[in-house]
Amino acid sequence: MRTMNVDVNQNGNPGTTDLLDALAELEEFDFSKLSDKPRALNIERQSSCEVMLLGELSSGSPPPVSLRNVDISSHKVEHEDHIGSGLNTPRPQTVSEPHLMVAEAREALNRSLVYFRGQPVGTIAALENSEEKLNYDQVFVRDFVPSALAFLMEGRPEIVKNFILKTLRLQSSEKKIDRFQLGEGVMPASFKVLHDPIRKHETLVADFGETAIGRVAPVDSGFWWIILLRAYTKSTGDTSLAEMPECQKGMRLILSLCLSEGFETFPTLLCADGCCMIDRRMGVYGYPIEIQALFFMSLRCALLLLKHDQEGKEFIDRIVKRLHALSYHMRSYFWLDKKQLNDIYRYKTEEYSHTAVNKFNVIPDSLPDWVFDFMPDCGGYFIGNVSPARMDFRWFCLGNCIAILSSLATPEQSNAIMELIEERWEELVGDMPLKVCYPAIKSHEWRIITGCDPKNTRWSYHNGGSWPVLLWFLTAACIKTGRPHIARKAIEKAEARLTKDSWPEYYDGKLGRYIGKQARKNQTWSIAGYLVAKRFLEDPSHVGMITLEEDRQMKPGLLKRSNSWTC
């Protein structure tokens, strides 16, 4: 594949040239040849009728939304030349439509910026006009990740650096729920800026779960923080941030929580319901795939970021041991394809001794009927949960995409996951990408598992709802596995509706045809997720900051099960 020459203008706003030909060759992209650092960007803007028209049309955009307790500044948006949706797909009706959608998304992302003492420190969850903001007027750690990736690709790393340092500072805050003290390494779920107009003073106030619905601490926040620190380092080539003593200590505190010894017999992390993106009671307690995949990826990122000093080496040794045990466990017991499904169907129960095949004593009669029809001949996926006498066979999008990006999934498993998505396109993508989980739970099962949660009714919210933010996960996974055509197809589905529907948080219905009944509009991570997905397709080299290649030492043939993790 030939090299693309990309420039950056004096304003530092990236665009692309010579990309039409590059997109035609995207199918042949060799991901393994990506350089450790993104190419230097050098963009020359071309005055064209389309860009001039775009400037005229966008000048009538609505003013920034006034947000209580948050200082928002609007920024002038430089509109960049944009590529069509790709080859072998229908072109938009007018050339200006994709330009306008990207420009609108970038402007909205800029308006979502939250400032603390004059510096941008994150993006608000939603640009909401309603009085019932709940906690959507805060900066969430997990929500900011796609925004951070967008800013890094736009050449604005200072925003990401500010966020990393401010959340690191909040990590040292007192964390108490009622009379119980949380672990020192817990990262906040979110924070907000409080303004004192009398004293003219601003304060950051963090939420560690003490005000969240269900009062659950965010297990995923620390993992996302480490992953984002690595993305910043990879994108900018600046290692000084990660090497700061404060950042090294922050990583070690997070790792201390995860690598501590206890009563566990598995290398996976035991978690409560609602501790991750699925933040309400949805039966993901135990060992949810989302947390295990993020845990694996954060361990691998920490391995690259930790200094090899006395304290760092101690954690590096512990990480290496855990990674080997975790990768074996996940690939062996969480993986499901047609052969494994048939084996479980024929399991014997009540087996004792080390020779047991049914190690978790799963009852074959507990297999749900839908999984036999859902499983294609060539596909497969990591199931939602595995624990004694219990397997949750639901498909969870985020966990499986992270498994691909982190190389928790082997190349063969990664391709099988993509095969499943293509084979079950109607079920997993439908009219709006992508299902957060499949299938929805309903009727008596819904009453038992969710506690009759009115927000998680069938095919809504986290119970089978469709979330546009998942586009960037899918796109990155598609590029890593050499299937960008899947991402293009999904993005075109989203482009048909997102701007018309004002960027909803999620969609409802079996096919995702309806805006979610409680979905916030102008949801920042829906906006940022779309921008990141588009930029990944335009320049796949950026995907390297959020992916990890397979470690040769963790290949299935080289793995041996540790005696300390016997079932």
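In this predicted model, helix α5 (residues 157–171) and helix α6 (residues 219–236) have axes that come within 11 Å and cross at roughly 150°. Angles over 145 degrees count as roughly antiparallel, so that is the label for α5 and α6. The crossing in which α5 passes α6 is left-handed. On the α5 side, the contact is made by Pro157, Val160, Lys161, Phe163, Ile164, Thr167 and Leu168, while α6 brings Trp225, Leu228, Leu229, Tyr232 and Thr236. Keep Trp225 in mind, as this residue returns when we reach the core.

Let's move along to another pair, α8 and α9. Helix α8 covers residues 245–259, and its axis comes within 11 Å of that of α9, with a crossing angle of roughly 140°. The two helices are therefore oblique to each other, and their crossing is left-handed. If you want to display the contact, select Gln248, Met251, Leu255, Cys258 and Leu259 in α8, which meet Phe295, Leu299, Ala302 and Leu305 in α9.

Helix α9 has a further partner in helix α10 (residues 310–334): the axes of α9 and α10 come within 10 Å and cross at roughly 145°. Here, too, α9 passes its partner α10 in a left-handed crossing. From α9, the residues involved are Ile289, Gln292, Phe295, Phe296, Leu299, Arg300, Ala302 and Leu303. They meet Ile316, Ile319, Val320, Arg322, Leu323, Leu326, Ser327, Met330 and Phe334 of α10. Phe295, Leu299 and Ala302 are worth highlighting, since these α9 residues appear in the contact with α8 and also in the contact with α10.

Now for the core. The largest nonpolar core has 164 residues, and the members that touch the most others are Trp225, Tyr381, Trp395 and Phe536. Helix α9 (residues 289–305) supplies the largest share of this core, with 11 residues. Trp225 is the α6 residue we met in the contact with α5. Which residues surround Trp395, once neighbours within four places in sequence are set aside? Trp395 is in contact with Phe374, Tyr381 and Asn400, then with Ile417, Leu420, Ile421 and Leu428, and finally with Lys435, Val436, Cys437 and Tyr438. Tyr381 in that list is another of the residues that touch the most core members.

Stepping back to the whole chain, you will find 19 helices and 13 strands. There are 567 residues, of which 58% count as buried. Among contacts with a separation of 6 or more, 73% join residues 24 or more positions apart. The accessible surface of the chain comes to about 24,700 Å², and carbon and sulfur atoms account for 50% of that area.

Some details of the loops deserve a visit as well. Arg117 sits in the loop between β1 (113–116) and β2 (119–123). Is Arg117 buried, partly exposed or exposed? Its relative accessibility is 49%, so Arg117 counts as partly exposed. Leaving out residues up to four places away in sequence, Arg117 touches His201 and Glu202. The C-alpha atoms of Arg117 and Thr203 are 8.9 Å apart, although 86 residues separate the two along the chain.

Backbone geometry makes a good last stop. Most residues other than glycine have a negative phi, and most peptide bonds are trans. Against that background, the peptide bond from Pro433 to Leu434 is cis, with omega near -5°. Leu434 belongs to the loop between α15 (425–428) and β11 (437–438). A further cis bond runs from Tyr438 to Pro439, with omega near -5°. Pro439 lies in the loop between β11 and α16 (443–450), and Tyr438 is one of the residues in contact with Trp395.

For positive phi values, look at the loop between α11 (338–345) and α12 (370–374), where Glu350 lies. Phi of Glu350 is near 55°, although this residue is not a glycine. Asn361 is found in the loop between α11 and α12 as well, and has a positive phi of about 55°. Glu350 is partly exposed, with a relative accessible area of 49%. Asn361 also counts as partly exposed, at 25% relative accessibility.

Notes: Residues are numbered from 1 along each chain as its sequence is written. This is a predicted model: local features need pLDDT of at least 70, side-chain atom pairs count only at pLDDT 80 or more; totals for chains, interfaces and linings use all residues. Side-chain values use heavy atoms; hydrogens and water are left out. A nonpolar core is a set of buried Ala, Val, Leu, Ile, Met, Phe, Trp, Tyr and Cys residues joined through side-chain atoms within 4.5 Å. Buried means under 20% relative accessible area, exposed over 50%, partly exposed in between (1.4 Å probe, protein chains only). Helices (H or I, at least four residues) and strands (E, at least two) are DSSP runs, numbered from the N terminus. Contact means heavy atoms within 4.5 Å. Accessible areas come from the Shrake-Rupley method with a 1.4 Å probe; for residues, only the protein chains shown count as cover. Axes are lines fitted to C-alpha atoms, for helices over the stretch in contact, and angles run from 0 to 180 degrees between N-to-C directions. Angles under 35 degrees count as roughly parallel, over 145 as roughly antiparallel, 65 to 115 as roughly perpendicular and the rest as oblique. A crossing is left-handed if the near helix is turned anticlockwise from the far one by less than a right angle, and right-handed if clockwise.
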